[in-house]
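Visitor: Hello! Could you teach me how to read a structure like this one?
Guide: Gladly, let us look together.

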Amino acid sequence: MTTSQEKANATEEAAAPEKLGAPEHREWDLKTEFTPEMLAEMEKLLPPKLNRIVATSLASCIHCGMCSDACHYSVSIPDDKRLVPAYKADRFRKWYKSRYDWMAKVFPWFVGAKPLTKELADEMYDLCWGGCTMCRRCTFNCPMGVDYGMLIRAVRGIMCQVGRVPANLQETVDAHYNYGNNMAVEQDEFVETIEWIEEELQDEDGCEKFTIPVDKKGAKFLLTLNPREPKYYPLTIQATAKFLNAAGISFTISSRYWDLTNYAMFNGIDPDAKLFAQWLFEEMERLEIEYLLAGECGHGYRGLRWEMPNWLGGVPYKITSVMELMAKVIEDGGIKLNKSVWDDKVFTYHDSCNIARSGGVTEEPRTVINATVNNFVDMEHNREDSFCCGGGGGALAMPEFAKRRIAAGKIKGDEIRATGANVVLQSCHNCTDQLKEICEHYKIDAKVMNLAEMVSEAIVL
Amino acid sequence: MENNVSAGLHALMTASHVALVWMATLYAIKIYQLMKKPGPPEKAELKGDRFAGAIYSLANVLMPWTMESTRKRLYFYAEFVVFHIAVILTITSTFTIPFAPWIMTPLVCTVTVVFQALAVLVGLRRIVRRIVTPEIRIISTVDDFFAVALLTTFFAVGTGAFFYLAQGKVDTPWMWAFFALVTFFIFYVPFSKISHYVLYPFGRVMYGQVFGGRGVLNQSKQNATWNP
């Protein structure tokens, strides 16, 4: 027989918000200095990080210097030669060679090998966290095919494992781990925000019947979001939802796991990266969804589209993005757009590294843009040749390197200015924040906008 | 031509070829060590073609326009081509001189000499570049300098050896020095950056597979992700 106390407890449990994230609370043991014990631990962590790509990338650099002007850091800050990609990677390579290079066993000085010392580790910390966004532009310009992105991620993972990781970046990962999204947005707060955005959307002319369904089983698309959107950029969600409704697309948002970001891609901790992907996988299963739909987020897109299936050993559903879906709908005539609403603006588009170079999405954004505006000018370096804006690789979560990050954005600022555009389009929230800072710092009179916001304004209902 | 080769030079040539077993063994170990590491998985639904990407990536050495770094440095790329043609001609000749001497006609020898002489100039310029260009200097190791200096010396000696070979003179001090260097090379190269050519196909193929599969390379083969 159930007691009244048990009934009361059961009612309380049913009403309480669900505990999302990992069952146990975690705070990373952050360190401010490398100690001999940490260096010894790093020696143990090195071998498992050496998969075939990383090992080849460490062993095959011929120091030709072809990467020297492929990097936004070395191009924008030419006085600091340490920012040349080969030099940065060599901080890791020297250590690797001291362990694995045959010649280094006898004559380490001959091949530039160095044992892992505090000095070398400090330099690795400075250059591999604060001097590289893992954008892979150097990889695309390397005659040997050295994958700098994978190489830097491997060494970041080793440093992070021993606690030497930028605090803010790790706190972002820990927030995701502890709360299920990287801004620790509570479930009820999130649902309320979505409901408020839905009301705002319905207040727009012609949108009275538009909805943002939450936890709708059997919808075709599960829309995932960057936590910056419910926190700071609700208009992005509103614009995306307007497009999806206008196109008659069946979609939903999960009230549980909806964060598409995965900052474990930046700190190099694979089990966390896999765990965050696993939560979205579970939502796809729970809600019986056909397509996992990435919102406008660079690394988030790559994490879902290209890395999630590898982390999880394959997935039974399809994965795409809002950008690709918009292009498809526009090509199929699924929505009507009035290009004249943007006739007073000149647009350019910044290709996020994780969307273009590492993601293969280069033409879809241009399909969307050309269908929506009349005045579009590409930057000098575009598509897979685009320079990183400087905000990738978790750089925005490392305030200790902010000065260098802004300096490294100079080449992007110069290219934006050269287009004469007053709107910079992009599909990534890290890029958004970095581009805004670049425009402000380099005094470029341009607004930063994502694709959904641009399309939303032009939709004819 | 064999009749003109002294027993000493013949022994030196033989030694160089026996040394190939050493080189092959070390390379086999290198490749084994690499292949036993886990390869890059690809479980995602592809947007492009991994095989075509790998071929494209391997072929990019012949397509300088596909990479910005070579597009912007066509002179540097031309130097690379000349240098590596000289490498191919010279290495091939280490086999043709003892085993198929009839191939080494005056014309073939002269062409080889021309490329070797150009390669000497390229080698010298590359040494200077490593010294005077700050961003190259700070990434250069002793191995980098020694490798290019050794090859430059090798080509310089080869120029003399093949100059006389073109006149039918095989057993010259130049040829002795040439084959002595060949033997040294074979023992030394597996420990040197010169062995980059063994790793080259691995790096290029993996790069091509990853980015070919994602539809970044060979963009004409892209499929839309929602309708594969």
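Visitor: What share of the residues of chain B count as buried?
Guide: A residue is called buried if 20 or more other C-beta atoms, placed from the backbone, lie within 10 Å of its own (exposed means 12 or fewer, partly exposed in between). By that count, 33% of the 228 residues in chain B are buried. Keep in mind that this is a predicted model, where local features need pLDDT of at least 70 and side-chain atom pairs count only at pLDDT 80 or more, while totals for chains, interfaces and linings use all residues. Residues are numbered from 1 along each chain as its sequence is written, and chains are lettered from A and ligands numbered from 1 in the order in which they are written.

Visitor: How many helices and strands does chain B have?
Guide: Both are DSSP runs numbered from the N terminus: helices (H or I) have at least four residues and strands (E) at least two. Chain B has 9 helices and 0 strands. Its C-alpha trace spans about 70 × 40 × 35 Å along the principal axes.

Visitor: How many residues does each chain bring to the contact?
Guide: Two residues are in contact if their C-beta atoms, placed from the backbone, lie within 7 Å. Chain A brings 48 residues and chain B brings 42. On the chain B side, H3 (68–71), H6 (134–137), H7 (142–165) and H9 (196–213) each give two or more residues. H9(B) has the largest share, with 8 residues.

Visitor: Which strands form the open sheet with parallel pairing in chain A?
Guide: Strands pair if DSSP finds at least two bridges between them. The open sheet in chain A has 4 strands in the order E2-E1-E3-E4, with parallel pairing. E2 (251–252) and E4 (318–321) of chain A are its edge strands, each pairing on one side only. E3(A), residues 291–294, pairs with E4(A) over 4 bridges, and here Leu292(A) has Ile319(A) as its bridge partner.

Visitor: Where does the chain cross from E7(A) to E8(A), and what is the hand of that crossover?
Guide: First, the strands: E7(A) and E8(A) (residues 447–450) pair in the parallel sense over 4 bridges, with Val423(A) opposite Lys447(A). The chain passes from E7(A) through helix H21(A), residues 429–441, to E8(A), making a right-handed β-α-β crossover. To check the hand, point the strands away from you: right-handed means that the path from the first strand over the helix to the second runs clockwise. On E7(A) you will also find Leu425(A), which stands opposite Tyr349(A).
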